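This report walks through a single protein chain. It takes salt bridges, then strand pairing, then helices and one loop residue.

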Amino acid sequence: MPDPKAMEAAVHEYVAAFDAGSPERVAALFAPDANVEDPIGSPPHLGQDAILAFYTASMQTGAKLKLEGPVRIAGPFAAFAFTVQLNLGGKDMHVDVIDTFKFSDDNKVIEMRAYFGPTNMHGFA
């Protein structure tokens, strides 16, 4: 069973690494065969190379993440609400998101799911 303290620390590192613009730090949180589905229902990014490419592209927007409340831990899962804040073309925008991470016994993320949709995207119209 993964360690709850390590799981929570991984979530905080995820946010810090994203804000630092370091896709390598984010990818290091994932197991070699992990998968990322962001947003849920989209084709998954499978394996660290695909995950690194996905986060490299995501960070090019200059987006920043802000946790909205505590990390919730249940068994091998962590769930956390956050806001993606970005400015495109001089316009402030944000997206309300909930992510879930599933962890392996060695505290690596093996599955990530991002939950948000059109009603969670603000300032895009």
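## Salt bridges

A salt bridge here is a side-chain nitrogen of Lys or Arg within 4 Å of a carboxyl oxygen of Asp or Glu. By that rule the count is four. The model is predicted: local features need pLDDT of at least 70, side-chain atom pairs count only at pLDDT 80 or more, and totals for chains, interfaces and linings use all residues. Residues are numbered from 1 along each chain as its sequence is written, and side-chain values use heavy atoms, with hydrogens and water left out.

One of the four pairs is E13 with R25. Their N to O distance is 2.8 Å. E13 sits in helix α1 (residues 4-19) and R25 in helix α2 (residues 23-27), so the pair links distant parts of the chain, 12 residues apart. Helices (H or I, at least four residues) and strands (E, at least two) are DSSP runs, numbered from the N terminus. Is this pair buried or exposed? Neither label fits: E13 is partly exposed at 26% relative accessible area, and R25 is partly exposed at 34%. Buried means under 20% relative accessible area, exposed over 50%, and partly exposed in between (1.4 Å probe, protein chains only).

## A network around R113

E37 forms a salt bridge with R113, and the closest N and O atoms are 3.0 Å apart. E37 lies in strand β1 (residues 30-37) and R113 in strand β7 (residues 109-115), so the bridge ties together parts 76 residues apart in sequence. Both E37 and R113 are buried.

R113 also meets E111 in a salt bridge, at 3.4 Å from N to O. R113 has a relative accessible area of 14%. E111 counts as partly exposed, at 24%. Shared partners join E37, E111 and R113 into one network.

## Strand pairing

Two strands pair if DSSP finds at least two bridges between them. Strands β1 and β7 run parallel and are joined by four bridges. E37 has R113 as its bridge partner in β7. The E37 and R113 side chains also form a salt bridge.

On which strand does β6 (residues 91-103) find a partner for T100? The partner is R113, in β7. Six bridges join β6 to β7, and the two run antiparallel. I98 stands opposite Y115 of β7. The hairpin of β6 and β7 has five residues between the strands. In that hairpin, N107 takes a positive phi near 65°.

Strand β5 (residues 77-88) also runs antiparallel to β6, with 12 bridges between them. N87 has D92 as its partner in β6. This hairpin has two residues between the strands, and G89 takes a positive phi near 60°. Strand β8 (residues 121-122) runs antiparallel to β6 as well, through two bridges. There V95 is partnered with M121 of β8.

## Helix α1 and its neighbour

Does the length of α1 match or miss the expected span? The expected span of a helix is 1.5 Å times one less than its number of residues. For the 16 residues of α1 that gives 22 Å; the end C-alpha atoms are 23 Å apart, which agrees. The buried residues of α1 are M7, A10, V11, Y14, V15, A17 and F18. After α1 comes G21, with a positive phi near 70°.

The axes of α1 and helix α3 (residues 47-59) come within 10 Å and cross at roughly 55°. That makes α1 oblique to α3. Axes are lines fitted to C-alpha atoms, for helices over the stretch in contact, and angles run from 0 to 180 degrees between N-to-C directions. Angles under 35 degrees count as roughly parallel, over 145 as roughly antiparallel, 65 to 115 as roughly perpendicular, and the rest as oblique. Y14, A17 and F18 of α1 meet Y55, S58 and M59 of α3. Contact means heavy atoms within 4.5 Å.

## The loop residue L29

L29 lies in the loop between α2 and β1. At 14% relative accessibility, L29 counts as buried. What does L29 touch? Leaving out residues up to four places away in sequence, L29 touches A10, E13, Y14, K108 and V109. The C-alpha atoms of L29 and V109 are separated by 6.0 Å, although the two residues are 80 apart along the chain.
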